[in-house]
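I am keeping this notebook to practise reading a protein structure slowly, one place at a time. Each entry records what I looked up and what I found.

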Amino acid sequence: MKKFIYILSTFLLLSFTFNTVNVAAQPKMYSQGFYTMKDLNLSENVSYKVQNNQPYVEGLLIILDSDKKIQQLLRIPANATQIPMIPLKYDYKFIIYNNVLLSFS
């Protein structure tokens, strides 16, 4: 009887471990508007990449510092692959222009 319980327990344990599903987080999409580092959940001194997920719409990303000086201006083509950005600082502000959906990675 003990042998049967051990075999049954092992079988149940193995059957539950085979049914695991890996879940990947969907990247957040940001549309036209004004954003801060906190709004976009970006970290300081990290080189991010931006990607346009709209098939037929070009976009514009403007990165401003605290003195309202443009630090980077990116024209992002439709369905663009990842475009590198400069390392960011905490006080940077972002302007996304046009009807695009951008994701940062």
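The entries below go through the core, the surface and a few single residues.

**Entry 1: the model.** Before anything else I noted that this is a predicted model, and I kept that in mind for each entry.

**Entry 2: the nonpolar core.** I asked myself which residues in the largest nonpolar core touch the most other members. The core has 20 residues, and the ones that touch the most other members are Leu 42, Val 50, Leu 61, Met 85, Leu 88, Phe 94 and Phe 104. I then looked up which elements each supply at least two residues of this core, and I found helix 2 (37-40), strand 3 (59-64), strand 4 (70-76), strand 6 (93-97) and strand 7 (102-104).

I picked Phe 104 from that group and listed its contacts, leaving out residues up to four places away in sequence: Phe 104 touches Tyr 30, Leu 40, Leu 42, Lys 49, Val 50, Leu 61 and Met 85.

**Entry 3: a nonpolar patch on the surface.** Next I turned to the outside, where Met 1, Phe 4, Ile 5, Leu 8, Phe 11 and Leu 12 make a nonpolar surface patch of about 670 Å². I looked more carefully at Phe 11, whose place is in helix 1 (residues 2-17). Is Phe 11 buried or exposed? Its relative accessibility is 55%, so Phe 11 counts as exposed, the cut-off being over 50%.

**Entry 4: Asn 52.** I found Asn 52 in strand 2 (residues 49-52), and with a relative accessible area of 1% Asn 52 is buried. I wanted to know what its side chain reaches, and I wrote down two distances. A polar atom of the Asn 52 side chain lies 3.0 Å from the backbone nitrogen of Gln 54, and the side chain of Asn 52 also reaches the backbone oxygen of Val 57 at 2.7 Å. Beyond four places in sequence, the residues that Asn 52 touches include Gly 59, Ile 76, Pro 77, Asn 79, Val 100 and Leu 102.

**Entry 5: the salt bridge.** How many salt bridges does the structure hold? I counted 1 salt bridge, and Glu 58 forms it with Arg 75, with the closest N and O atoms 2.7 Å apart. Glu 58 lies in the loop between strand 2 and strand 3 while Arg 75 lies in strand 4, so the pair ties together parts that are 17 residues apart in sequence. I reminded myself that side chains of opposite charge can pair when their charged atoms come close. For accessibility I noted that Glu 58 counts as partly exposed at 36%, whereas Arg 75 counts as exposed at 61%.

**Entry 6: two loop residues.** I found Glu 44 in the loop between helix 2 and strand 2, where Glu 44 counts as partly exposed at 43% relative accessibility. Glu 44 and Lys 89 are 45 residues apart along the chain, yet their C-alpha atoms are separated by 5.0 Å. Setting aside neighbours within four places in sequence, I listed Met 37, Leu 88, Lys 89 and Tyr 90 as the contacts of Glu 44.

My last look was at Asn 99, in the loop between strand 6 and strand 7, which counts as exposed at 53% relative accessibility. From Asn 99 to Asn 79 I noted 20 residues in sequence and 13 Å in space, C-alpha to C-alpha. Not counting residues up to four places away in sequence, Asn 99 touches Gln 32, Gln 54 and Val 57.

Terms used
Residues numbered from 1 in each chain as written. Predicted model: local features only at pLDDT ≥ 70, side-chain atom pairs only at ≥ 80, totals over all residues. Heavy atoms only, no water. Core = buried A, V, L, I, M, F, W, Y, C linked by side-chain atoms within 4.5 Å. Buried < 20%, exposed > 50% of the residue type's maximum accessible area, 1.4 Å probe, protein only. Helix = DSSP H or I, 4+ residues; strand = E, 2+ residues; numbered from the N terminus. Contact = heavy atoms within 4.5 Å. Patch = residues over 30% accessible without salt bridge, like charges linked within 9 Å, V, L, I, M, F, W, Y side chains within 5 Å. Areas by Shrake-Rupley, 256 points an atom, 1.4 Å probe, with all protein chains shown as cover. Salt bridge = Lys/Arg side-chain N within 4 Å of Asp/Glu carboxyl O. Polar contact = N/O pair within 3.5 Å; in protein donor to acceptor, adjacent residues only side chain to side chain.
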